[in-house]
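Below are some points on the model you sent, arranged by interface. They cover the ligand site, the chain-to-chain contact and the domain boundaries within each chain.

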Amino acid sequence: MSNHLLLSIAGLTKVFGGLVAVNQISFDIQAGEVVGLLGPNGSGKTTLMNLISGALRPTQGSVTLEGRRLTGLPPHRIAATGVARTFQLVRVLPSLSALENVMVGAVFGPDQVSPGAARAVARSVLERVGLGGREHLHPAEMTYIDQKRIELARALAADPRILLLDEWLAGLNPTELQTGIELIRSLQAEGRTVLMVEHVMDAIRSLCDRCVVMSAGSKLAEGTPAEVLANPDVIRAYLGDDHA
Amino acid sequence: MNTREVLIMAASGLLLAGLACLPLADEGFWLTLGISLAGYVAMSTAWALFSGPTSYVSLATAAFFGTGAYVVVNLGETAPWPVVLVVAAVCGALLALLAGMATLRLTGVHFVIFTFGLAELIRQLVTWYQTNIGGAVGQYVFVDISSAQIYWQLLALCGLVFLAGWAINRSRLGLALRVIGDDETVAAHSGINTARVKLLLFCISGAFIAVVGAVLAPRWTYIEPSIAFNSMISFQVVIMALLGGSRRLWGPLVGVIPFTVLYELISGHFPNHTHLLLGTAFLLIVYFLPQGVAGRIEQLRLRRTHRETHAARSPATLGETAR
Ligand SMILES: Nc1ncnc2c1ncn2[C@@H]1O[C@H](COP(=O)(O)OP(=O)(O)OP(=O)(O)O)[C@@H](O)[C@H]1O
Ligand SMILES: [Mg+2]
C-alpha cells in the first residue's frame, strides 16, 4: 500500500439557488485510506459525493485525482478515470440480471473489459459480496440488502481507484450490518480507497482511518473517528446545544 | 454464436428465401401487400432499434423516409441504383446526426414534438426548394425498377435490419442501450457516454428508414413533398412498433402484420375512415398493451417461471415483477 495523495478536494462549493449546500470544503484522501464523511441530515454529504462523481458541477473549487483535474468533466469521463459509486437510494438496473448489472461496471469502467471477460469478473465479484449462485436473478426478485450488494458489486467490478459509498450500510438489520462491515473491511485489507458517507457509529469506529464532519455545508472537523466523535462542535451539531 | 442462434439464422434465411418467391405466384394484390408489409417491417424494426431501448418516441420517421425518396428524385436518373441507396443511407444518418445533436437532450414529450416538427420543417424546406429552385413542386421519377425488384430489395433490407439489431444486441453498444433504458444516471456513472450511444443508434435507425424511402420512391412515379413526407408514416410506424412491442427485436414484426393487413382492408373499403382506425388503434394499444404483444408474451412467460420457482412468494412481489 503506497501512501500517496490520491484524491484532493479544494474549496469545493455548490450553491442551489440561495442555498449553499456545500461550502468551501477542502480535504485530501491518501491511497488505501478509508475516509468517513459524517454530518447531520441535509448537511451536504450527498451533494459532495455528487460533485466528486460529476452528477453535479461545482459552483466553485476543484476535485483532483492523482493530479488530474476532474472538475467539470461529465460523469462518464470521471468514471473512466476510476471513480465508482453507489447511491443513497439504491439504483439497480431492473431489466438486467444480477450478473449483467455487475458486468456493466467492468465493461464500461476504466479497463473497458470485453463482455466475455466481464462475465467472469462479475461472477467473482458477486461471489465476494455474498451473491454467489444468484447471478441469474433479476433485482425485483431480490431483497433490499441484496440489491445493495448488486450495486456495490457493480462499482467494484470497475476495479476503481476510489470507491464512493453513500450510506451503503443504511437500512440493514444487525446481522446484515456485521456482514456489511466485514465486507468493507475486506476491501480495506486489499488496499482499496474508500470515501463513505455513514451514520452508523459502529461502522465508522471500526472501519474509518479518518473522518470529515460536515454541518450545514461547511467542514466542521477532521481527524480520527475517536477525535471527531469527542469534538464538542460535532456533538453540538448532531445533538443540539444542550448536549455540548 | 450458439446452436440456437445458428438455427434461428438458418430458419430466417429459409423464410426470407420462401417469401422472395411471392412475385412468381402473384404480381397484383399480394405483391402490393407484400411490399407494404416488408416496408413497414423494415421501418418499424429500424425505429425500435433506437426507440425501444431508450423509450424516446420519435416522430421523425417521415423526415427520414422523405429524405430517402428525394435522393431518388434528384439522383435516380443519373447515378447507378446502388449509389443512390448508399447516398440515401448517408443522408438519413446525417439528418439523424443533426436532429439528434439538437434534441437528444430533450426528454419525453419535448422530444416527440420536436421530431414531429422536424418532419414538417423539412417538408416545407423541400417544397420551398422545389418551387423556387427545382422548378416544380412535384417531380416525376423515371427509374426502371419493377415491383418485384422493389419487393426483393425490401426483403433484403428487412434481413439487414434484423442482422444489425442482432449484432447490436450482443455488442457493448447493446448493453449500453439497455442500461440507458433502465437508468441514465447509472449509465453515465458506469462510464457510458449516453449522448454518443443515443446519437449513434438514432443515425443507424435513420439511415435504414431513409433507404426504405428510396427503395419505395419508384412506386409512385410522381412525387411531391406531401406524399414523401406524409406524417401518417411516422404515426403508423410508432403504432405498429408499440403494438408489437419495441423492446424486442422481433416485437415490431408482430405488430406490423395484423395492422397492415387490417389497414389495407379498411382503406380499401372505407377510405375515409383510416384516421379513425389509427386513432382508435393507438388508444387501445396504449391502454391495454403498453408493452406490446412481445412484452405481454415475455410477461406471461416470466410469470410462469416465477410460479414454478417461487411457489411460496407473496402475490404482492409477483405483481411487482410482472409490471
Ligand atoms: N438538486 C438539488 N436542488 C436543490 N437543493 C438540493 C439539491 N440537492 C440537495 N439539495 C439541498 O442541499 C442540502 C444538502 O442535501 P444533501 O442531500 O447533500 O444532504 P445529506 O447530507 O446527504 O443529507 P442526508 O443525510 O439526509 O442524506 C439539502 O438542504 C437539500 O435539500
Ligand atoms: Mg445524503
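1. How far does a polar side-chain atom of Asn41(A) lie from an oxygen atom of ligand 1? In this predicted model, the separation is 3.0 Å. An oxygen atom of the ligand is also 3.0 Å from a polar backbone atom of Gly44(A), and the side chain of Thr47(A) places a polar atom 2.6 Å from a ligand oxygen.

2. The surroundings of ligand 1 comprise 14 residues. Those that come nearest are Gly42(A), Lys45(A), Thr46(A), Thr47(A) and Gln88(A). Thr47(A) thus appears both in this group and in the polar approach of 2.6 Å.

3. Turning to the two chains, chain A brings 23 residues to the contact and chain B brings 20 residues. About 2,100 Å² is buried between chain A and chain B, with 61% of it on carbon and sulfur atoms. On the chain A side, the residues that lose the most area to chain B are His76(A), Phe108(A) and Glu141(A), which together make up 30% of what that side buries.

4. Two salt bridges cross the interface of chain A and chain B. One of them pairs Arg91(A) with Asp183(B), whose closest N and O atoms are 2.8 Å apart. Polar contacts between the chains number ten residue pairs, counting those with both residues at pLDDT 80 or more. On chain A, the elements that give two or more residues to the side touching chain B are α2 (75–80) and α3 (98–108). α3(A) gives the most, with four residues. By class, this side of chain A has 13 nonpolar, five polar and five charged residues.

5. Within chain A, the domain assignment gives domain 1 (1–82 + 161–244) and domain 2 (89–159). Their centres, taken over C-alpha atoms, are separated by 24 Å. In the contact, domain 1 of chain A supplies 19 residues and domain 2 of chain A supplies eleven residues. The two domains of chain A bury about 1,300 Å² between them, 63% of it on carbon and sulfur atoms. On the domain 1 side, Trp168(A), Leu183(A) and Arg192(A) lose the most area to domain 2, together 39% of what that side buries.

6. Which residue forms a salt bridge with Arg192(A)? The partner is Asp159(A), and the closest N and O atoms are 2.9 Å apart. Two salt bridges are found across this domain interface of chain A, along with six residue pairs in polar contact, both residues at pLDDT 80 or more. On the domain 1 side, α2, β7 (162–166) and α6 (174–189) of chain A each supply at least two residues. The largest share, five residues, comes from α6(A). The classes on that side are ten nonpolar, four polar and five charged residues.

7. Chain B is divided into domain 1 (3–290) and domain 2 (291–323), with C-alpha centres 32 Å apart. Ten residues of domain 1 of chain B are in contact with eight residues of domain 2 of chain B. These domains bury about 680 Å² between them, 68% of it on carbon and sulfur atoms.

8. Across that interface in chain B there are zero salt bridges and zero residue pairs in polar contact with both at pLDDT 80 or more. On the domain 1 side, α12 (231–244) and α13 (251–269) of chain B give two or more residues. α12(B) provides the largest share, three residues. The residues of this side divide into six nonpolar, three polar and one charged.

Key
Residues are numbered from 1 along each chain as its sequence is written. Chains are lettered from A and ligands numbered from 1 in the order in which they are written. This is a predicted model: local features need pLDDT of at least 70, side-chain atom pairs count only at pLDDT 80 or more; totals for chains, interfaces and linings use all residues. Side-chain values use heavy atoms; hydrogens and water are left out. Contact means heavy atoms within 4.5 Å. Buried area is the accessible area (1.4 Å probe) that two parts lose on being put together, summed over both. A salt bridge is a side-chain nitrogen of Lys or Arg within 4 Å of a carboxyl oxygen of Asp or Glu. A polar contact is a pair of N or O atoms within 3.5 Å; within protein, one must be able to donate a hydrogen and the other to accept it, and residues adjacent in sequence count only if both atoms are side-chain atoms. Ala, Val, Leu, Ile, Met, Phe, Trp, Tyr, Cys and Pro count as nonpolar, Asp, Glu, Lys and Arg as charged, and the others, Gly among them, as polar. Domain bounds come from an automatic or database domain assignment. A residue is near a molecule or strand if one of its heavy atoms lies within 4 Å of it.
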